[in-house]
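Grab your viewer and work through these exercises one at a time. Each comes with a solution that goes step by step.

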Amino acid sequence: MTERWDGLVVGASLATLDASDGYAEIPDGALGWRDGMLCFVGPRSELPDAPEALADDVIEAEGWITPGLVDCHTHLVFAGDRAREFELRLQGATYEEIARAGGGIVSTVRAVREADENGLLAQSLPRARALLRDGVTTVEIKSGYGLNFDSERRMLRVARRIGQQLGLRVSTTYLGAHALPPEFAGRADDYVDAVVEWLPRLHDEGLVDAVDAFCEGIGFSPAQTRRVFEAARALGLPVKLHADQLSDLGGAALVAEFGGLSADHVEHTSPEGVRAMAACGAVAVLLPGAFHVLRETKLPPLDAFREHRVPMAVATDCNPGTSPLLSLRQAMQLACTHFRLTPAEALRGATVHGAQALGLPDRGVLRAGLRADFAIWRVQHPAELCYWLGGDLASAVFAGGVRLA
Ligand code: NIG
Ligand code: FE
């Protein structure tokens, strides 16, 4: 008998996602791990010995086990809320009108600048906890509501502390180029200089895993975005982009030019943009929460993504303005209803492709040798993960072999 495993789950079926499509199901499966990594993924009947002989901790489960969900696009560190803005939009104001009138992102910036680090952490932790309880084991968190050095730094520090406190893997993204802060009104190029100057300082503190920008009429131009990307490239940091959300500024092609990880939103991405993404292997991150809340009608080019084999991820975009969404499973549901993803595509988008959008090849699939990140669900079939609106379906969530929920 070789070294004992730290843990083993039996009694549930596995949706391993370890194939090029579908769930890659293993009925009556078994999942074993040691030192935080999976060491057995297969049918229970193929276990090399009796469960008690193999592992210290044997869990009898029911339902289905999936890889831990990966939420690859969130802005969950923020202060305050924008419920009033929601009311205004319901009365007919558009997101762009509110932003141009000094509301929108800039109103969250005011709240974040006023919050100290502990206050920001206290407000943000429940959101991360909600994601975790619904199966998320890896979450990306962006800055972008500070828009000055100290406040951007504070946001990124809070993001790291969330990971330490909850045991989740947090991937941080510097989004200094999210909006123009009021003190730079009319001086967008000067602000981009500042964003570029802050990046290496934040990176030196270990606070930046990737760099993002909001390339849009109400955000930054392609030329300004390019300068941010060049600064990232100089430090060897991967880029991603809020691209082609409200209009087509060629954001997806810009990501491709820089060999970026992902282009996100992508509702207005052109056929050329799709081809450029396919050629560089960038992921299309679909954010159906923002589409839903903004009552958008322009669908991302889903058939073109499928045809050109551009991987599609699904994320919450959790943020106070356009997507106050606290469940990745709910985002999967919206991706199915609004974008007509199949439930298997949506699950792949929230696992395999989410991990790819973060450049994390050690997760997103149940496979021996990868991280022991998984969720056990009270469902009869994995399609139920996309079928229920809300609910409490996760009976246990593990990251690195440690039970977090
Ligand atoms: O991903 N598009 C820009 N950023 C966010 C919205 C942030 C906000 O409105 O606070 C998004 O939708
Ligand atoms: Fe976003």
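**Exercise 1.** Find the bridge partner of W377 in β17, then work out which strands stand at the edges of the sheet that holds β17.

*Solution.* Start with the residue pair: W377 is bridged to A394 in β17. Keep in mind that this is a predicted model. Next, zoom out to the strands: β16 (residues 374-377) and β17 (residues 394-399) are paired antiparallel, with 4 bridges between them. Now read across the whole sheet, which is open, has 6 strands and mixed pairing, and runs β3-β2-β7-β16-β17-β18. The ends of that order are your answer: β3 (25-26) and β18 (402-403) each have a single partner strand, so one side of each lacks a neighbour in the sheet.

**Exercise 2.** Do the same for the sheet containing β1: what is its strand order, and which residue in β4 is the bridge partner of G7?

*Solution.* First, the order is β5-β4-β1-β6, an open sheet of 4 strands with mixed pairing. The edge spots go to β5 (37-43) and β6 (55-60); each has just a single partner strand, so one side of each is left without a neighbour. On average, neighbouring strands here are turned by 15° against each other, if you ignore direction. Then look at β1 (residues 5-10) and β4 (residues 29-34): they run antiparallel and are joined by 4 bridges. Among the residues involved, G7 has W33 in β4 as its bridge partner.

**Exercise 3.** Decide whether α7 and α8 are roughly parallel or roughly antiparallel, and describe their contact by residue class.

*Solution.* Begin with the axes: those of α7 (residues 188-204) and α8 (residues 222-234) come within 10 Å and cross at roughly 15°. Angles under 35 degrees count as roughly parallel, so α7 and α8 are roughly parallel to each other. The crossing of α7 past α8 is right-handed. For the contact, α7 brings A188, D189, V192, V195, V196 and L199, which meet Q224, R227, V228, A231 and A232 of α8. Sorted by class, that contact has 8 nonpolar, 1 polar and 2 charged residues.

**Exercise 4.** Which residues carry the UniProt feature "binding site", and why can you say they gather at one spot?

*Solution.* Check the record first: the unreviewed UniProt entry puts this feature at H73, H75, H242 and D317. Then compare sequence with space: they span 245 residues in sequence, yet no two of their C-alpha atoms are more than 12.1 Å apart, so they do gather at one spot. To locate one of them, go to the loop between β8 (69-71) and α2 (83-90), where you'll find H73.

Technical notes
Residues numbered from 1 in each chain as written. Chains lettered and ligands numbered in written order. Predicted model: local features only at pLDDT ≥ 70, side-chain atom pairs only at ≥ 80, totals over all residues. Pairing = 2+ DSSP bridges. Helix = DSSP H or I, 4+ residues; strand = E, 2+ residues; numbered from the N terminus. Axes fitted to C-alpha atoms, helices over the stretch in contact; angles between N-to-C directions. Parallel < 35°, antiparallel > 145°, perpendicular 65-115°, else oblique. Left-handed = near helix turned anticlockwise from the far one by under 90°. Contact = placed C-beta atoms within 7 Å. Nonpolar A, V, L, I, M, F, W, Y, C, P; charged D, E, K, R; others polar. UniProt positions renumbered as here; feature names shortened; annotations may be inferred.
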